[in-house]
Amino acid sequence: MGCLLCGVPGGPDASGHDLLTPAVNSPAEIEVWSSGESRILPVLNPEQSLASLLADAGFALNTRCGQRGLCHGCEVELQTNPPQIVRACCQRPPETGRLILTIPARSLLSHAPAIVSDFRTRVPAGNDPIFKNGPPLGLAVDLGTTTVAVLLAELATGKVLARATALNAQVGRGDNVLTRIHLCQSEKKNIRRLQNDFWQLTFQPLLKEVLTASGQSLEAVAGVVVAGNTTMLHLACGEDPTPLGRVPFTPAFLERRDFPEGFPGIPRPVIFLPGLSAYVGADISAGAVCCGLPYASRPQLLVDVGTNGEILLQAGETMRACATAAGPAFEGCGLLCGMRAASGVISRIRLSNDPYAVTCTVLGGQGSPPHGITGSAYVDFLAEGRDVGLLTEHGRFERSFVKDHPENFRQEENGLCFLLDPQVPDLRIGEVDIALLLQAKAAIAAGIETLLALANVEAGDIETLHLAGGFGLHLSIPHATRCGLLPGFREEQISPVGNTSLGGAYLAMLDQSLAEEMDRLKAGIIELNLDPGFEDRYLDHLALPAHAMCAASLKF
């Protein structure tokens, strides 16, 4: 947005004015409204960003792009006339006077998302624990870029005693692996900081939570088995991930790593499971075993649409894998109202044409107006928006539809926006959002088709497409196929399987032969940017396919 004083685009640096400085000559302070309560904060350092000041006061925001102004995670509302929405990481606090602002729930890092710790296993586990002759319990961990899940289980029986989940505290330094790699490249101290973010700020509270819930103590824990992507495992053990961010993307390790002495705060053996490549990590190896891909007689596909998009194809005796640059759009990052699944967030969107109506399902029930939109709801919007004539093939708003329903549209600085409810004008989906979603959709779809083409396999030949991750559990499968995210597949082929990274870590903990199976996994890693057909497929999938169902016949 531009400067409020003179309208110069780009904010205070471009205009020469401090956007947030009132004209009143008085000590600077900020009145912060959050969750219906207010606090007065003194401005001790006007040179720091507004996001940093709020974080120091206990209002940590979703600065998931590393405070580079690239996402909408840290938006706050300034109580000016009229109110203004700004990115807190891009603004300075006032030097004098009082600034009043409201923090939307979606902008708080502490806003609790619904993180999946459930999974389906397709293989039996023998009674041969990876930790021998020690305490009776073990911990399995899914170390994700965005979230972390921990499971405590009996090693002898596999009985799950407790589970706990949380946001990975590293999100506060950047929402994707490349941001964190660049942090380590710019300053090597960040390697230790990011390691501490995981072990001290994320894992320790989760460990305490599962021990408390189960009535157990740390003395009863034999060790920890961790699955995660390659960058996350590097950071967790203190390895420099910088080589993963530049060609030829060389990891310091891919093989299983054992740390008999553990790490600070967890003096127990820690095992990191093996990965396949720099961008197809141990989370996918664990998921492959969890879903039984190495033992399948018919072609199988594992698709994990998380912060990164990873795809693994098992066809005959050959396994191929790739990572797609889908980005975190399906987790809400960079979208005007995007949020992870949590109470008060829209999880489903339904559109109907005769009569015209927008119906939303809100997690936690219908109470106060919802404050965000999940990735699964955005997929609904792509599919149904195309069906009812709201969206064109290229993801633009159909101008005749805009003309017929002007109350549902608003022109903003970054383009035209669709209002889900004219009475809640901040809850909107912009054409800029749709562009990001189509890019993410195209990357996943083109990655799938490229692997299938290399194996000379059709979508119809796949026995099961295992859809991994929390996004897959919440996703409407019909809408995923209709919008082209999972192109060419029938609904009955697609099986949401939950957190298979955690499931694989759990199975490896109970049966060391399955951990050895992960060691033996080999896959041809496909670099999509080098495949001659990938770019054409990607461009094709930037479009929204027309659906055969007539909009007038839709039933909701």
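1. **The E3–E4 hairpin.** In this predicted model, strands E3 and E4 make a hairpin, with five residues between them. E3 covers residues 75-78, and its pairing with E4 is antiparallel, through four bridges. Within that pairing, Val76 has Val86 of E4 as its bridge partner. Strand E4 spans residues 84-87, and its two faces differ in cover. Gln84 and Val86 lie on the covered face. Ile85 and Arg87 lie on the uncovered one. Val86 therefore appears twice: on the covered face of E4, and as the bridge partner of Val76.

2. **Confidence.** How far can the model be read? The chain has a mean pLDDT of 84. Of its residues, 89% reach 70 or more. Strand E11, residues 270-272, has the highest confidence, at 97. Helix H1, residues 12-15, has the lowest, at a mean of 36. The pLDDT is below 50 over residues 1-25, a stretch with 55 contacts in the model beyond near neighbours in sequence. The pLDDT is also below 50 over residues 548-556, where the corresponding count is 10 contacts. Where pLDDT is low, the predicted coordinates should not be read in detail.

3. **The chain as a whole.** The chain holds 14 helices and 22 strands. It has 556 residues, of which 57% count as buried. Among contacts with a separation of 6 or more, 68% are between residues 24 or more positions apart.

4. **Helix H9.** H9 runs over residues 431-454. Does its length agree or disagree with what its residue count predicts? At 1.5 Å a residue, its 24 residues should span 34 Å, and the end C-alpha atoms are 34 Å apart, so the two agree. H9 is also largely enclosed by the rest of the structure, because 17 of its 24 residues are buried. Just after the helix comes Asn456, with a positive phi of about 55°.

5. **Strand E21 and its partner.** Are the residues of E21 buried or exposed? Five of the five residues in this strand, 494-498, are buried. Cover is present on both faces. Ile494, Pro496 and Gly498 are on one side, with Ser495 and Val497 on the other. E21 pairs with strand E20, residues 464-468, in the parallel sense, over four bridges. His466 is the residue opposite Ser495 of E21.

6. **Helices H3 and H4.** H3 covers residues 177-186, and its buried residues are Val177, Thr179, Arg180, Ile181 and Cys184. Helix H4 (189-214) and helix H5 (230-236) are included in what covers them. Two packed helices are described by the angle between their axes and the distance between the axes. For H3 and H4 the angle is about 135°, and the axes are 6 Å apart. That angle makes H3 oblique to H4. On the H3 side, the contact is made by Arg180, Leu183, Cys184 and Ser186. On the H4 side, it is made by Asn190, Ile191 and Leu194. Arg180 and Cys184 of H3 are thus buried and also take part in the contact with H4.

7. **Backbone exceptions.** Most residues other than glycine have a negative phi, and most peptide bonds are trans. Three sites deserve a look against that background. The loop between H5 and strand E10 (257-259) contains Pro248. The peptide bond leading to Pro248 from Val247 is cis, with omega near 15°. Phe249 is in the loop between H5 and E10 too. Phe249 is not a glycine, yet its phi is positive, about 55°. Its relative accessible area is 31%, so Phe249 is partly exposed. Asn133 is also not a glycine, and has a positive phi of about 50°. Its loop lies between strand E5 (98-102) and strand E6 (137-143). Asn133 is exposed, because its relative accessible area is 85% and the cut-off is over 50%.

8. **Asn408, a loop residue.** Is Asn408 buried or exposed? It is placed in the loop between helix H8 (399-404) and strand E17 (409-412). Asn408 is nevertheless buried, because its relative accessible area is 4%, and under 20% counts as buried. Which residues does Asn408 contact, leaving aside its neighbours within four places in sequence? They are Tyr356, Cys417, Phe418, Leu419, Leu420 and Pro422.

Notes. Residues are numbered from 1 along each chain as its sequence is written. This is a predicted model: local features need pLDDT of at least 70, side-chain atom pairs count only at pLDDT 80 or more; totals for chains, interfaces and linings use all residues. Side-chain values use heavy atoms; hydrogens and water are left out. pLDDT is the predictor's confidence in each residue, from 0 to 100. Contact means heavy atoms within 4.5 Å. The expected span of a helix is 1.5 Å times one less than its number of residues. Buried means under 20% relative accessible area, exposed over 50%, partly exposed in between (1.4 Å probe, protein chains only). Two strands pair if DSSP finds at least two bridges between them. Axes are lines fitted to C-alpha atoms, for helices over the stretch in contact, and angles run from 0 to 180 degrees between N-to-C directions. Angles under 35 degrees count as roughly parallel, over 145 as roughly antiparallel, 65 to 115 as roughly perpendicular and the rest as oblique.
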